[in-house]
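The following questions and answers concern the metal sites, pockets and strands of one protein structure. The sequence and structure are shown first.

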Amino acid sequence: SAAKESGGGIARFDDSLRAEQTERARIAAGLRQAISDGSLFMHYQPVVDTASGRITGVEALMRWRQDGELIPPGEFIPVAEQTGLIGTIGARALRLACAQAAVWHRDHGLYLTVNVSTHQLRDPGFADSVLRILADTGLPAAALVLEITESVLIDASDTNVLGILRAYGIRIAIDDFGTGYSSLAYLHTLPVDILKIDQSFIRRHQDPPRPQDVSLTRAILELARSQDLLAVAEGVETAAQANLLRELDCPLVQGYHFGRPSAPEVIDVLLREAAVRTAA
Ligand code: C2E
Ligand code: MG
Ligand code: MG
Ligand code: MG
């Protein structure tokens with residue numbers, strides 16, 4: 001009967017909810033251990049200057065190896081946020097990345113860009129902890145970018161801490177721009193410096209590109225320019241997309257076409273190769 005079926009549906013729903021909770025608890029327990037045992041670490045993806053073709057920065061992306069398997073951040077960051085573990089993990093990640101980037105900044109002038117969760121921003125000790133990490137690692141504030149998502153910008157108290165960080169010279173980027181809720185009308189009032197165009201806008205560019213896709217990207221780039229924001233195109237996977245973005249004068253690009261997120265040793269090799277090319 002219908003009643004029986006819906007009852008069965010609820011039971012199945014309960015089961016799947018319980019399975020989900022168990023999975024979340026399992027990930028949380030693993031994460032607690034990972035904080036101390038070094039299985040959480042950072043990979044770095046090149047950000048390339050379109051005009052020179054050179055690596056100008058790196059985005060730090062968290063990685064977790066558990067039992068030999070690499071777990072993607074999309075699976076464990078949400079759990080870390082729900083359990084509050086993101087505070088500890090995020091601070092650790094930032095310290096690791098700043099220490100690494102201090103060397104790349106000194107030797108190659110690179111900047112570092114790091115993702116920050118809303119939960120981290122709302123910790124009243126956040127600004128102090130960032131400044132302490134910069135002081136300890138020797139990375140200049142001007143070489144650090146913090147990436148936040150558009151939803152953060154709706155809350156006035158969140159934008160306050162961004163103002164404090166910017167006063168020290170740290171730059172703020174809106175990540176995944178175009179997927180959230182930020183209104184174009186108040187973009188100029190937001191405490192941000194960099195606009196990262198979401199991959200979904202870049203991925204749609206075919207070869208040859210369709211005029212409507214090109215005008216959409218051009219419009220976002222013009223918007224960024226008019227607001228004095230530095231634009232970064234994310235998710236550039238093909239040479240055709242890279243060429244198009246250069247033609248459109250997109251200042252910075254990032255994506256598999258230029259380099260995947262990689263271990264620091266791999267970035268070192270890329271930087272050394274670029275230095276040799278310049279010297280030749
Ligand atoms: P995100 O900040 O937007 O990072 C870009 C994501 O796109 C990364 O996925 C990167 O590996 C991937 N990507 C880069 N280039 C390409 C490309 O050409 N094609 C495709 N298909 N993908 C590309 P990843 O590393 O899996 O990270 C996913 C998300 O997890 C990040 O998105 C970020 O929101 C979050 N995340 C990563 N590390 C951290 C962290 O340390 N802290 C926090 N709070 N969040 C992090
Ligand atoms: Mg990002
Ligand atoms: Mg992000
Ligand atoms: Mg993004």
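Donors are N, O and S atoms within 2.8 Å of the metal (3.2 Å for Na, K and Ca); water is not among the atoms, so sites may look incomplete. This is a predicted model, in which local features need pLDDT of at least 70 and side-chain atom pairs count only at pLDDT 80 or more, while totals for chains, interfaces and linings use all residues. Residues are numbered from 1 along each chain as its sequence is written, chains are lettered from A and ligands numbered from 1 in the order in which they are written, and side-chain values use heavy atoms, with hydrogens and water left out.

Q: What spacing along the chain do the donors of the magnesium ion (ligand 4) follow?
A: The magnesium ion (ligand 4) is held by Asp175 (OD), Asp176 (OD), Glu234 (OE) and Glu234 (OE), at 2.0 to 2.7 Å. Written along the chain, the spacing of these donors is D-D-x57-E.

Q: Is Asp175 buried or exposed?
A: Buried means under 20% relative accessible area, exposed over 50%, and partly exposed in between (1.4 Å probe, protein chains only). Asp176 has a relative accessible area of 26% and is partly exposed. For Asp175 the value is 8%, so this residue is buried.

Q: How far apart are the magnesium ion (ligand 4) and the magnesium ion (ligand 2), which Asp175 bridges?
A: Asp175 (OD) is a donor to the magnesium ion (ligand 4). Asp175 (OD) also appears among the protein donors of the magnesium ion (ligand 2). The two ions that Asp175 bridges are separated by 4.1 Å.

Q: How are the donor residues of the magnesium ion (ligand 2) spaced in sequence?
A: Glu59 (OE), Asn115 (OD1), Glu147 (OE) and Asp175 (OD) are the protein donors of the magnesium ion (ligand 2), at 2.0 to 2.3 Å. Their spacing in sequence reads E-x55-N-x31-E-x27-D.

Q: Which strands hold Asn115 and Glu147?
A: Asn115 and Glu147 both give donors to the magnesium ion (ligand 2). Strands (E, at least two residues) and helices (H or I, at least four residues) are DSSP runs, numbered from the N terminus. The pair links distant parts of the chain, 32 residues apart, with Asn115 in strand β4 and Glu147 in strand β5.

Q: Which residue coordinates both the magnesium ion (ligand 2) and the magnesium ion (ligand 3)?
A: The magnesium ion (ligand 3) is coordinated by Asn115 (OD1) and Asp175 (OD), at 2.2 to 2.6 Å. These two residues, in strand β4 and strand β6, are 60 residues apart and link distant parts of the chain. The magnesium ion (ligand 3) and the magnesium ion (ligand 2) lie 3.4 Å apart, and the residue that bridges them is Asn115.

Q: Which residue in β6 does Glu147 stand opposite?
A: Two strands pair if DSSP finds at least two bridges between them. β5 and β6 pair in the parallel sense over 5 bridges. Glu147 is buried, with a relative accessible area of 1%, and stands opposite Ala173.

Q: How many of the 7 residues of β6 are buried?
A: Ile170, in the loop between α6 (156-167) and β6, is buried at a relative accessible area of 1%. β6 is mostly covered, and its number of buried residues is 5.

Q: Which element gives the most to the lining of the largest pocket?
A: On a 1 Å grid over the protein atoms alone, a pocket is an open set of points with protein on both sides within 12 Å along at least five of seven lines, and lining residues have an atom within 4 Å of a point. The largest pocket is lined by 35 residues, with Glu59, Leu61, Pro73, Asn115 and Asp175 nearest its centre. With 5 residues, the element giving the most is α2.

Q: Which helix gives the most to the lining of the second largest pocket?
A: The residues lining the second largest pocket include Val48, Phe258 and Leu270. The helix that gives the most, with 5 residues, is α10.

Q: How many disulfides does a search of the whole structure find?
A: A disulfide is a pair of cysteine sulfur atoms within 2.5 Å. Cys98 is buried at 0% relative accessibility, and Cys250 is buried at 1%. The number of disulfides found is 0.

Conventions. On a 1 Å grid over the protein atoms alone, a cavity is a set of points where a 1.4 Å probe fits but cannot get out, and a pocket is an open set with protein on both sides within 12 Å along at least five of seven lines; lining residues have an atom within 4 Å of a point.
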